[in-house]
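Biologist: I'm new to this one, so could you pick a single part, take me through it closely, and then show me what lies around it?

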Amino acid sequence: MSTPIARVDNVRKQYLMGSVMVEALRGLSVDFYPGEYITIMGPSGCGKSTLLNILGCLDRPTSGQYVLGGEDVSTLDDDQLSTIRGTRIGFVFQSYNLIQQLNVLENIEVPLYYQGRPQHESRAVARELAKRVGLEDRMEHKPFELSGGQQQRVAVARALANDPLIILADEPTGNLDSTSGSDILSVFDDLNRQGKTLIMVTHSDEVSERAGRVIRLRDGRVERDERRN
Amino acid sequence: MNGATNLRSRIPWQHLVVDVERVRRTMQLGLKSLWLHRLRSLLTGLGIVFGVCSVIAMLAIGEGLSYEAQEQIRRMGSNNIIIRSVKPPEDRSSSAERTRVIEYGLTYADVERIKLTIPTVEVVIPSRIIRSDVWNGTNRIDCDIIGTVPSYPEMRNHHVALGRFFTEEELEENLNVCVLGDGMAEKLFPLDSPLDGIVRIEGDYYKVIGTMEPESERSSMGSPDSNPAAAGPARNATGAPYEMYIPLTAAKSRFGEMLVQRSSGSFSAERVELHEVTIKVGQIDDVVETWHIIADLLTANHKKTDYEIIVPLDLLRQAERTKRIFNIVLGAIAAISLLVGGIGIMNIMLATVTERTREIGIRRALGAKRKDIVLQFLIETVLLSASGGLIGVALGLAIPFFITQFAELQTKVTLWSPLLAFSISALVGVVFGIYPAMRAANMDPVEALRHE
């Protein structure tokens with residue numbers, strides 16, 4: 001296999017919950033390769049979200065190493081992590097997390113805005129992406145004027161805007177009805193076919209069946225890591 | 001794929017260009033979210049609106065008042081020193097000596113001494129002020145009759161409106177000519193021109209040779225103590241007392257030096273040679289020194305302090321000092337109101353930051369650095385306070401206009417006051433916006449994304 005696009009090596013993460021020290025990840029190691037479609041599963045409290053936060057550079061491991069695109073990002077400072085998030089990572093959240101006062105195009109543009117890309121350029125990219133997720137006739141709409149499925153499609157378009165190394169999705173179909181959910185999942189399938197690396201946290205076996213690799217976590221460690229083909 | 005390396009390899013100046021563009025777009029964003037909560041923004045900015053507006057309006061009123069006062073003083077002549085006879089206080093209160101003849105005030109000898117001994121003095125104008133009724137047929141006016149010399153109008157910056165003032169010849173020949181003060185002609189000669197008309201004062205008749213323009217300085221500067229009578233004479237339309245001018249010689253010979261007053265059975269008499277002496281100093285720099293010399297001279301020759309010295313230049317300086325104090329007080333009030341406004345803004349911005357925690361989390365996740373978040377909230381606060389300031393400036397400029405229109409009070413808006421008030425309002429935005437903005441920026445992105 002080729003070199004991993006993201007490598008998590010013996011990562012531990014502890015944090016204080018109230019006055020109790022919780023150890024969410026206990027020496028977790030896993031490699032992700034380019035073009036993979038990975039789902040991460042496990043009971044709640046197993047460390048899925050913590051892992052996703054570290055993969056997304058929203059959080060830093062207490063110990064261990066996280067290498068993204070050949071660069072050790074586990075020791076970067078806050079500004080550098082922001083830059084990494086803005087340039088190499090695309091996020092799709094369970095609750096869409098669109099900015100309410102911005103319309104569809106402006107929401108898609110946000111990551112490009114923080115990279116300092118000129119507006120005419122980012123606007124063109126946003127239009128292109130809105131078309132790609134089938135929202136060409138909703139480009140000027142605000143999030144509250146869209147259905148859940150449409151909002152999540154905006155979120156997917158936004159995740160693609162910065163042409164990321166990996167796309168991280170946190171239960172992207174959790175808030176959607178089955179039709180919109182399978183809509184979104186087929187968008188993900190398409191993306192994966194186009195060579196995007198997807199890492200998705202999910203509870204649903206149905207969803208994880210679409211993925212080429214399923215990682216099950218338990219108590220902050222990898223319990224099972226299986227590839228299907 | 002390698003955006004991070006791209007960021008590092010940018011040429012230095014491009015970073016600046018991007019920043020200007022970013023500020024512009026952040027401002028657009030700020031306006032958008034302020035507009036989204038229009039009512040809240042308006043209410044929040046109201047403190048600044050009122051603060052700025054009251055500062056400008058109060059400054060304009062203060063400036064207008066002091067401008068008017070300074071104009072009046074200036075019209076008295078900043079080169080002039082005015083000495084007035086004042087009845088000494090100890091005599092005024094002693095009711096037991098009602099029938100005694102009170103002798104006080106400036107004398108012809110004082111005038112001569114000032115003329116001869118002080119070289120900086122250019123002109124000395126003595127005058128007598130006698131209160132009496134002036135008649136034309138059955139029309140009567142109670143007025144101050146001022147006996148003076150021909151250079152009086154020029155010295156006091158008080159000019160003839162119609163006809164002429166009397167001449168040196170008329171003064172020397174002791175002629176019964178008179179010049180009517182503002183408003184008198186209409187009362188005494190309601191139907192025809194007052195020129196060449198005849199008016200009667202007690203048993204003597206005077207020919208009218210001219211009328212004066214309205215004189216505004218007396219309305220505020222005229223001290224009633226300087227009048228021989230306890231109560232001032234009737235006042236004309238502009239609120240100034242009626243005044244009539246006759247040659248000093250005529251005043252001396254027709255009225256004598258003894259002024260007799262009878263009131264409710266008591267009798268009092270005063271002997272005053274001159275009621276007022278106006279002294280013009282050649283150079284403005286010599287005014288203060290001349291003033292001190294005159295004061296010394298008068299102290300040496302008068303047993304009692306039966307005179308007062310009015311120095312318009314000194315009054316002007318006092319007025320300027322008063323204005324400075326007024327401005328300091330106003331500045332303090334302004335500072336307090338802007339402080340209150342600023343705290344109001346900070347309060348709302350803190351609430352806004354909490355309310356928009358999720359948005360902050362999203363922006364951080366999508367690549368916003370801490371300084372981007374700081375910039376966003378700081379710009380929003382500054383926009384809020386600066387637009388409050390702008391509305392305040394507009395109101396603050398409108399209020400003095402309406403005051404001038406409807407209250408007939410003079411106001412004067414100086415250029416710097418709206419500029420200063422506006423810049424301070426923007427500064428308030430920065431000062432009170434920095435804390436909420438820092439709080440927003442220091443949120444943990446993970447926590448912020450989880451916020452409901």
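**Where two helices meet in chain B**

Modeller: Let's go to the spot where Asp110(B), Arg113(B) and Ile114(B) of helix 5 of chain B meet Ile294(B), Leu297(B), Leu298(B) and Asn301(B) of helix 11 of chain B. Meeting here is a contact, that is, C-beta atoms, placed from the backbone, within 7 Å of each other. Keep in mind that this is a predicted model, where local features need pLDDT of at least 70 and side-chain atom pairs count only at 80 or more, while totals for chains, interfaces and linings use all residues. Residues are numbered from 1 along each chain as its sequence is written, and chains are lettered from A, with ligands numbered from 1, in the order in which they are written.

By class, this helix contact has 4 nonpolar, 1 polar and 2 charged residues. Nonpolar covers Ala, Val, Leu, Ile, Met, Phe, Trp, Tyr, Cys and Pro, charged covers Asp, Glu, Lys and Arg, and the others, Gly among them, are polar.

How do the two helices lie? The axes of helix 5 (residues 108-117) and helix 11 (residues 287-301) of chain B come within 11 Å and cross at roughly 140°. Axes are lines fitted to C-alpha atoms, for helices over the stretch in contact, with angles from 0 to 180 degrees between N-to-C directions. The pair is therefore oblique, the word for whatever is left once under 35 degrees is roughly parallel, over 145 roughly antiparallel and 65 to 115 roughly perpendicular. Helix 5 of chain B passes helix 11 of chain B in a right-handed crossing: the near helix is turned clockwise from the far one by less than a right angle, whereas anticlockwise would be left-handed.

Now for what lies around it. Chain B has 25 residues in contact with 27 residues of chain A. On the chain B side, helices 1, 2, 13, 14 and 16 each give two or more residues. Helix 2 of chain B gives the largest share, 7 residues. That side divides into 12 nonpolar, 3 polar and 10 charged residues.

The partner, chain A, comes to 7 helices and 10 strands; both are DSSP runs numbered from the N terminus, helices being H or I of at least four residues and strands E of at least two. Its C-alpha atoms fill a box of roughly 45 × 40 × 40 Å along the principal axes. In chain A, 70% of the contacts with a separation of 6 or more join residues 24 or more positions apart.
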